[in-house]
Amino acid sequence: MSESRTDDTTPLTDLPAWGELRAHFESIKDAHLRDLFAQDPGRAERLSVEAEGLLLDYSKNRVTDETLRLLLALAEQSGLRGRIDAMFSGEKINVTEDRAVLHVALRAAEGTKILVDGEDVVPGVHEVLGRMEAFAGRVRSGEWTGHTGRRIKNVVNIGIGGSDLGPVMAYQALRHYSDRDLTLRFVSNVDGTDFAEATRDLDAAETLFLVASKTFTTQETMTNAQTARAWLLEKLGAGEEAVAKHFVAVSTNAAEVSKFGIDTANMFGFWDWVGGRYSMTSAIGLSTMIAIGPENYRAMLAGFRAMDEHFRTAPFEKNLPVLLGLLTVWYADFFGAETVAVLPYDQYLARFPAYLQQLTMESNGKSVTLGGRRVDYQTGPVYWGEPGTNGQHSFYQLIHQGTRLIPCDFLGFCRSLNPVGEHHDLLMANVFAQAEALAFGKTAEEVKAEGTPDWLVPHRTFEGNRPSNTILAERLTPEVLGRLVALYEHSVFTQGAIWQIGSFDQWGVELGKVLAKRIAPELTAAGEPALEHDASTNRLIKYYRSRRE
């Protein structure tokens with residue numbers, strides 16, 4: 001089902017299930033999880049789903065069987081099944097850019113057929129994968145050498161947005177599986193400090209730069225790439241012929257890549273049906289493959305593929321991404337929750353919440369429908385988080401006793417990759433304890449029974465009724481990481497389908513880019529530039545110019 005450019009769909013708030021959910025919410029909004037569990041001994045078993053190596057326990061959510069029935073009805077009435085089928089079949093569901101949305105093709109098995117404008121895109125995906133594997137193998141084995149003949153020991157990925165957040169997160173998450181003889185660094189910020197610190201202790205003769213920019217014109221990325229080029233040539237004392245031995249490109253712009261000095265044989269492309277924040281399984285993942293090796297990278301792709309198939313085929317009531325997405329809609333639009341906390345209890349997933357920030361908020365930070373109609377409901381909650389147990393000693397206080405309702409996702413693993421004494425059991429005890437405390441709290445009567453003075457009782461009472469999901473896997477492997485990322489990708493898709501918004505464009509980031517290009521030469525102009533901004537911006541530019549030297 002191709003998306004129309006006109007909004008001829010029934011508005012979300014006019015769907016029968018939406019009205020029923022509104023009435024239902026009024027009847028259960030004050031229900032407490034203590035009572036829901038007490039009245040239903042089988043709740044924990046019934047409101048859990050295990051699929052593709054992940055267990056989702058969503059029983060600690062402020063929902064009943066009727067809530068779930070109505071949310072699933074809302075998914076059906078919103079045409080979610082048709083939207084899923086349209087994405088997987090290569091239809092151009094990114095209507096504002098007239099593009100297909102096929103990150104799922106990046107991990108499709110060889111022999112799968114997915115057509116875009118009549119062309120099967122899967123063979124091209126596997127051709128690039130094969131070239132990536134060959135190149136990664138040469139770097140890891142020492143066959144690829146730099147300009148002076150020394151093997152590569154340092155790999156620096158230069159990108160921004162999806163060309164940085166995915167690779168950074170994946171490298172951190174899978175560092176246990178990485179080649180420790182290789183140093184991986186990442187440069188994204190146009191702030192010169194980022195490049196300076198990333199390269200401060202590196203030997204240029206042993207350093208390879210991966211420049212990730214589809215167009216090879218991204219301002220921040222190419223500024224950093226040119227700085228890296230100048231740094232390399234200065235450190236080596238070499239001519240421009242050295243560039244080709246120390247730079248490769250993830251791009252589709254052969255002319256600009258060649259102009260930069262990179263051999264186009266070492267250019268790895270991807271397609272316009274791959275959005276930046278969904279690109280970590282494209283050639284953007286080259287740094288990940290070099291770090292963990294092609295075999296582990298293939299395992300990660302298999303994990304993505306397994307969750308893709310689960311999302312595509314599982315009934316909604318047993319579908320992990322659908323359930324996760326519907327619960328997000330429930331809290332955002334009926335309880336007025338503005339954020340979602342993602343709390344991984346594994347240090348390797350330290351960058352996972354930051355990765356999800358782009359995935360979720362760049363996708364669903366929209367205020368008009370696919371047809372251009374202004375929405376009259378909330379979309380795109382703020383995603384944030386830190387690893388446990390660190391977060392418990394910083395922001396959990398607000399989640400437990402603050403005035404805001406903050407749904408939480410707890411992520412944990414049954415087995416540690418680094419078993420040390422009782423560390424992992426203590427870590428996991430905190431996962432279960434925090435979810436329990438948030439849900440059930442501590443009543444004033446319980447606090448009094450401990451002998452607490454009356455004046456102190458209100459301070460030590462926990463209201464509870466704070467919702468959470470707990471997601472468990474056996475251990476953090478490349479395959480499990482793929483499943484987790486795909487789980488959230490498809491949860492985002494589900495939310496967008498319900499909200500009738502386009503999750504795959506990002507026009508909101510464009511205006512700032514345009515204005516920055518206009519302002520940059522005004523900051524460095526020799527004479528006094530004619531400033532035609534607002535009064536505040538004009539004054540700030542003048543202030544900066546007067547002090548920049």
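The residues that line the largest pocket divide into 13 nonpolar, 15 polar and ten charged, and this lining is a good place to begin a walk through the structure, which is a predicted model. The pocket itself encloses about 1000 Å³ of space. Of the 38 residues that line the largest pocket, Thr218, Gly276, Gln506, Glu510 and Lys513 are the closest to its centre, so a reader who finds these five in the model will know where to look, given that lining residues have an atom within 4 Å of a point of the pocket. Several helices take part in this lining, for α7 (162–173), α9 (219–236), α15 (352–364) and α21 (510–524) each supply at least two of its residues. Among the contributors, α21 gives the most, with four residues.

The second largest pocket has a volume of about 360 Å³. Its lining is made up of 14 residues, and those nearest the centre are Gln347, Ser416, Asn418, His424 and Leu427. Sorted by class, the lining of this second largest pocket has six nonpolar residues, seven polar ones and one charged.

From the pockets we can turn to a group of strands. Strand β8 (residues 247–250) sends Phe247 and Ala249 one way and Val248 and Val250 the other way, and all of these residues are buried. On one hand, β8 pairs with strand β7 (residues 207–212) in the parallel sense, over four bridges, and within this pairing Val211 has Ala249 of β8 as its bridge partner. On the other hand, β8 is joined by two bridges to strand β9 (residues 267–268), and these strands also run parallel. Here Ala249 appears again, since its bridge partner in β9 is Met267. To get from β8 to β9 the chain passes through helix α11 (residues 254–260), and the β-α-β crossover made in this way is right-handed.

The last topic is the pairing of charged side chains. Side chains of opposite charge can pair when their charged atoms come close. The structure holds 26 salt bridges, and a few of them can be followed one at a time. The side chains of Glu26 and Lys29 meet in one of these, with N and O 3.0 Å apart. Glu26 has a relative accessible area of 45% and is therefore partly exposed, because that value falls between the limits of 20% and 50%. Lys29, at 28% relative accessibility, likewise counts as partly exposed. Another salt bridge is formed by Glu97 and Arg99, whose closest N and O atoms are 3.7 Å apart. Glu97 is partly exposed with a relative accessible area of 23%, and Arg99 is partly exposed as well, with a value of 29%.

What is the setting of the salt bridge between Arg107 and Asp308, whose side chains meet at 2.8 Å, N to O? This pair links distant parts of the chain, for Arg107 lies in the loop between α5 (80–88) and β3 (115–116), while Asp308 belongs to helix α13 (residues 294–313), and the two are 201 residues apart. Both Arg107 and Asp308 are buried, whereas Glu26 is partly exposed. Finally, salt bridges need not stand alone in this structure, as Arg150, Lys153, Asp203 and Glu206 are joined into one network by salt bridges that share partners.

How values were computed. Residues are numbered from 1 along each chain as its sequence is written. This is a predicted model: local features need pLDDT of at least 70, side-chain atom pairs count only at pLDDT 80 or more; totals for chains, interfaces and linings use all residues. Side-chain values use heavy atoms; hydrogens and water are left out. A salt bridge is a side-chain nitrogen of Lys or Arg within 4 Å of a carboxyl oxygen of Asp or Glu. Buried means under 20% relative accessible area, exposed over 50%, partly exposed in between (1.4 Å probe, protein chains only). On a 1 Å grid over the protein atoms alone, a cavity is a set of points where a 1.4 Å probe fits but cannot get out, and a pocket is an open set with protein on both sides within 12 Å along at least five of seven lines; lining residues have an atom within 4 Å of a point. Grid points are joined across faces, edges and corners, and a volume is the space filled by probe spheres set on the points. Ala, Val, Leu, Ile, Met, Phe, Trp, Tyr, Cys and Pro count as nonpolar, Asp, Glu, Lys and Arg as charged, and the others, Gly among them, as polar. Two strands pair if DSSP finds at least two bridges between them. A crossover is right-handed if, with the strands pointing away from the viewer, the path from the first strand over the helix to the second runs clockwise.
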